[in-house]
Every structure is written in C-alpha cells, then in structure tokens.
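Visitor: Thanks for walking me through this model. I would like to ask how each label is earned.

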Amino acid sequence: MVKLTDDYRRDARLFKDAGITVPQYDQAAMKAATDAHPVWVHFGGGNLFRCFHAKVAQDLLDSGDLQSGIIVATTHSATIPKTIYAPYENRMLQVVVAPDGSMEKNLIASVAHALYYNRADPFGWFVLRAIFEQPSLQLVTMTITEKGYALRDMNGELTADAQYDITHGPEVANTAMGAIARLLFARYQSGALPIAMVTTDNFSENGQYFENAILTIAQGWLDNGFVPQGFVDYLKDPKQVSFPWTMFDRITPAPAQSVADQLARDGFEDTTITKTIAPFGNTEQTHYLVIEDSFPNGRPPLEKAGVILTDRDTVNDADQMKVTACLNPLHTALGIFGSLLGYTAVADEMDNPDLAALVKRLGYQEDLPVVKDSKIINPKKFLDTLIEQRLPNKYIPDTPQRLATDASQMLSIRYGVTIQHYLDQGGDTVQKLVAIPLILAGWCRYLLGVDDKGEIFTPSPDPLLADLQKELRSVQVGQTTDVHAVLQPILSNKQIFGHDLYAIGLGDKVEADFKQMIAGPGAVAQALHEIA
Ligand SMILES: NC(=O)c1ccc[n+]([C@@H]2O[C@H](COP(=O)([O-])OP(=O)(O)OC[C@H]3O[C@@H](n4cnc5c(N)ncnc54)[C@H](O)[C@@H]3O)[C@@H](O)[C@H]2O)c1
Ligand SMILES: O=P(O)(O)OC[C@@H](O)[C@@H](O)[C@H](O)[C@H](O)CO
C-alpha cells in the first residue's frame, strides 16, 4: 500500500504501481521558494480547491512556470488545516473520474502551508500579515461558499457579526470579509501594494459582489475612524486592488465511499472520509475556469494550465450562462426534489423521467432562451453535455443533499436573474414560466423537512433554515392551511428571491404549486408528473 506521505521521489515506484502520477518538483524546495517569495494565497481549502486550484498550481510547478506554491487559509474551520493538511504534509490525491468509471489519480503537493486564520488564533494572523506585506504576493483566490460573503440577514440588515466587525475595527474582525479586509489593510499600510482578489465562488458578477462586501466593511471602518480614506481609495482602484470576475465549472462532489473503496483496491492507504472531506478528492473530467484578466501585480501564466483569461463582459456572459441558466439552476432543482423524493444520487434522479423532464424544461424552455452566448462556450452544447453526459454519470458520486445545501443563498442568483430577463421583455411573459415557480414552491415544501412519503428528513445545512422553518411551523402535509398567510412573508422577500414574487405576478402561482404539493403523500411526485 502507498500513502500520501511516502517519499514520492525516492519511492516513485510505489506510486506508479498504484496508478498514481507524482509531482515533478521537490516539495521542500517549493516550500522554501514560497517562504522567500509568496505569490498565491487561497481562502477556503475545501474539495473544489483541492481538486482544481491546487492542480493548476501543480501543473505550473511541474512545468517550471511557478516556483512558489499556494498558502491555504481557512477563516471558518480550525480543524481542516489540522486534520486534512498537516497530517498529510499538505498533500492530497486528486481523483478524476471518467464517464466510463476509470480514474486518473494525481498526487498533489502544491500547498506550501495551511493555516487557520481567525481572531481566536493569533498565529494565523501573524503569518498571513507577513505574507500580505510582501511585494511578491500576486493573487488571492477564494472558495468559501456563497454564505462566506454574506454580511446581511434575510431582511437585508447587517448581521450582528458584520456590525461587530464594523464597529470594533480590523484588529478583532471575525467575519470572513472583515478578516480579509484586515489583511488588505496590512498590505495598504506596507506601501499600498497591488494585488488581485479572485473569488471563484458561484455568484453571477462574483467579483463585484466580493468587492462590495469588502468595501462595506472598509467604509464602516472609515466612518468609525479605524482606517484612513486612502485605504478605501486603494480598494476602489483596480490598478491597485482588483476583484476579477470569474466563471468556474467542475462538478466536485464530497469524497465518496465508492471512490475510497476503489482507491483501497488500487493499493492507496489514505481513504478515511471525515464528514465531507478526505485525504482524496473526487471530481469530473469536464472543467472550465474563466477569469477576467485583471491582475495589477502580475500573475502566474495560468493559461498554461488551461485557465481562460479574458475580458469582464465575456466572463460575465459565460458565468450567467452557467450559474444562472445552464447548470446551477438545474442542480438546485435536483437538490430540492431529490431530497423530497428520497434520492441519494444525482445520476439516479436522471433515471426518473419526471425529474429529467423538469430539468430539461427548465434548461431548454425557460433558461436557454434568455441566455447570451459568450462565444467561448456555446450555451446549447453546454446544456446538452450537462443533461446527456454529466448529470447521468453514475461514476460521479454527487448527491441531492449536497446540491440542496445553502439553497436559500442561491435562489436569487439561480432563478432571480432569469426572472429579471423575462421582466425586461415586458408583458406577461414571466407569468408563463412553469418550471421556475414549481421549483421555488418545491423549495418551500422541502423546508418542511417532511419527504413525499410523509416521513421526516433532515434538510441540508442552510444559514436560514431555522428562521424559515419557524415561519412554516403551522404547515402540516395533508392538512388544510392558509397558504397565503404562511408563504407571504417568505415569497415577498427580495433578499431570498431577488424579487418580491407577488409584485412580479408569480406569488399566486408559487402558492398554488405549494398547496398542491402539501396535499398529502405522493403529491410532490404528482406535481412533477403533471408538468412533465
Ligand atoms: N464543488 C463544486 O462542484 C463547485 C464547483 C464550482 C464552484 N464551486 C464553489 O466553491 C464553493 C466551495 O465548494 P467546495 O466543494 O470546495 O465546498 P467544501 O464544503 O468542500 O469547502 C468549503 C470551504 O468553505 C469554507 N467555508 C464554509 N463556510 C464559510 C464561511 N461562512 N466563511 C468562510 N469560509 C467558509 C469551509 O471551511 C471550506 O474550506 C462552492 O460553494 C461554490 O461557490 C464549487
Ligand atoms: O457549490 P454550490 O454550493 O455553490 O452549489 C452546488 C453545485 O451546484 C455546485 O457546486 C456545482 O457542482 C458546480 O457549480 C459545478 O461547476
């Protein structure tokens, strides 16, 4: 058996026998180069980072186009650096699963350090501040999930944590945005050094969203006398601090036991999965990373590792195509209805003709007609590949439970943007939508935590779950309810849907769909069947 910490240079044979490709560079030399000239920091070292960004860096290290590795920082999890990075010398196994089930296995060693960065732990601040003070630092990338950027609650008010950061200043900042703004302030104080802050999370206009969040904190600090005007000016100047927009696509489910079992059969030892992370990560072959080419301090030649660098409009078109239309809205629909119908595999959902029909209707009839072609990825071909090859791929162990996680943070992006396109057309076109209102009603039905058999299930984690379940507590499946009274506060919430659904003429339709789906056991499947 071979394990991650074996010497991949001396014992290359062990890795080869297990079918694992090893790095071409020396990890100790890479670490020394990183310490001397840090170039790349990443926040949120979860599965996507480990399967994608870390491999991009590895390819560039292998080709000699990069000498430094990545410094990973987590603001949210003290355990990830301790349990998933340190014991494995910051290495991991990237497993790329092909549509025929065969696996490409790469030992990744491109992470130089993995740190917990939180006010509760001064060491991370000490190290990261020193890194942010270095002129060599070129880029920060991020995969911290949509909620990591959130500074406002579901009523649009600043959260208590965000208010605390703003009123108490950089030294005690605790939100991810506050903690990152604190590091940018250290960089500003070291001579207003330039840097690119690159979110690769799933928002439309994600760079703008990130910039706005950082500026909310910085402006608050200015108003409270913690920072000078020059700091806010520095953040607003794209020649000093840029927030490039990005589009990122690679279905990367949490590590699966089926993959762990195959790796063990292949002779690989480190296969223990802890919650949603493991010494290995499983991902699909298809991938796109498109980044607005705005790097005020220069950048590694990312294009040599397959990244597409282009202008903001092109990124935005590609991203709207993926996040608001041709992929993520279908995912969220499969997350919601798959959880309600008792599925645990996305590929199995695609064998259900009614679910397949729902995502086809959503994709082809409601989303595609209002999508702009970015010219770099054809929307129709992208959607065809998703529906015909990627979603039904039984070897990609994706689950509806993952896709339903944090759904409240995504609805405005995944459906609200398309709704806006229909509103822009004028007339009553928005009221002709069928799949989108059904999915929004399905989400309300899902929040009840009762599946379509009438049995209790635990919805996936979501920051608004407790509040929303409180609003819905009077609803019982199979019993008559004043649906309007219960749903009105939710469906009118622009923070959640991007629109007051009543004001745009969709509220009644969502209410009717919800009413149908709480009629009794089997009512969800029936509603899906009727629109198929
Ligand atoms: N997995 C995919 O298929 C995929 C593909 C494209 C884009 N993305 C984007 O990447 C994000 C992360 O995906 P992943 O698969 O790596 O997830 P993951 O759960 O494996 O990792 C999430 C990371 O975010 C951190 N985090 C969670 N909540 C946070 C918070 N409130 N503040 C700061 N950090 C927080 C966690 O500590 C962890 O490091 C997604 O939410 C999405 O926006 C994912
Ligand atoms: O990662 P999230 O939570 O934003 O959304 C769940 C999935 O839709 C997402 O991870 C996709 O797998 C990904 O966007 C594919 O590129």
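Visitor: Which residues are the closest to ligand 2, and how many surround it?

Guide: Bear in mind that this is a predicted model. In it, 14 residues surround ligand 2, and the closest are Glu 146, Asp 249, Lys 322, His 331 and Arg 402.

Visitor: What makes the pair formed by ligand 2 and the side chain of Arg 402 a polar contact?

Guide: An oxygen atom of ligand 2 is 2.8 Å from an N or O atom in the Arg 402 side chain. The cut-off for a pair of N or O atoms is 3.5 Å, so this pair counts as a polar contact. The side chain of Asn 202 also has an N or O atom 2.9 Å from an oxygen atom of ligand 2, and for the side chain of Arg 414 the distance is 3.0 Å. Taken alone, ligand 2 exposes 400 Å², of which the protein buries 86%.

Visitor: Which elements give two or more residues to the shell around ligand 2?

Guide: They are strand E10 (246-249), H13 and helix H17 (400-404). By class, the residues of this shell divide into 5 nonpolar, 3 polar and 6 charged.

Visitor: Why is H12 called roughly parallel to H13?

Guide: Helix H12 (residues 312-326) packs with helix H13 (residues 328-340) at an angle of about 25°, their axes being 4 Å apart. Angles under 35 degrees count as roughly parallel, so H12 and H13 earn that label.

Visitor: Which residues of H12 and H13 meet?

Guide: From H12 come Lys 322, Val 323, Thr 324, Ala 325 and Cys 326, and they meet Asn 328, Pro 329 and Leu 330 of H13. The residues of this contact divide into 5 nonpolar, 2 polar and 1 charged.

Visitor: How do you know that His 76 makes a polar contact with ligand 1?

Guide: A nitrogen atom of ligand 1 is 3.5 Å from an N or O atom in the side chain of His 76. The definition asks for a pair of N or O atoms within 3.5 Å, so this pair qualifies. Oxygen atoms of ligand 1 also pair with the backbone: a polar backbone atom of Asn 47 is 2.9 Å from one, and a backbone N or O atom of Asn 202 lies 2.9 Å from one. The protein buries 84% of the 830 Å² that ligand 1 exposes when taken alone.

Visitor: What classes of residue form the shell around ligand 1?

Guide: This shell has 6 nonpolar, 13 polar and 5 charged residues. Among the 24 residues around ligand 1, those that come nearest are Asn 47, Leu 48, Asp 201, Asn 202 and Thr 252.

Note on methods: Residues are numbered from 1 along each chain as its sequence is written. Chains are lettered from A and ligands numbered from 1 in the order in which they are written. This is a predicted model: local features need pLDDT of at least 70, side-chain atom pairs count only at pLDDT 80 or more; totals for chains, interfaces and linings use all residues. Side-chain values use heavy atoms; hydrogens and water are left out. A residue is near a molecule or strand if one of its heavy atoms lies within 4 Å of it. A polar contact is a pair of N or O atoms within 3.5 Å; within protein, one must be able to donate a hydrogen and the other to accept it, and residues adjacent in sequence count only if both atoms are side-chain atoms. Accessible areas come from the Shrake-Rupley method with a 1.4 Å probe; for residues, only the protein chains shown count as cover. Ala, Val, Leu, Ile, Met, Phe, Trp, Tyr, Cys and Pro count as nonpolar, Asp, Glu, Lys and Arg as charged, and the others, Gly among them, as polar. Axes are lines fitted to C-alpha atoms, for helices over the stretch in contact, and angles run from 0 to 180 degrees between N-to-C directions. Angles under 35 degrees count as roughly parallel, over 145 as roughly antiparallel, 65 to 115 as roughly perpendicular and the rest as oblique. Contact means heavy atoms within 4.5 Å.
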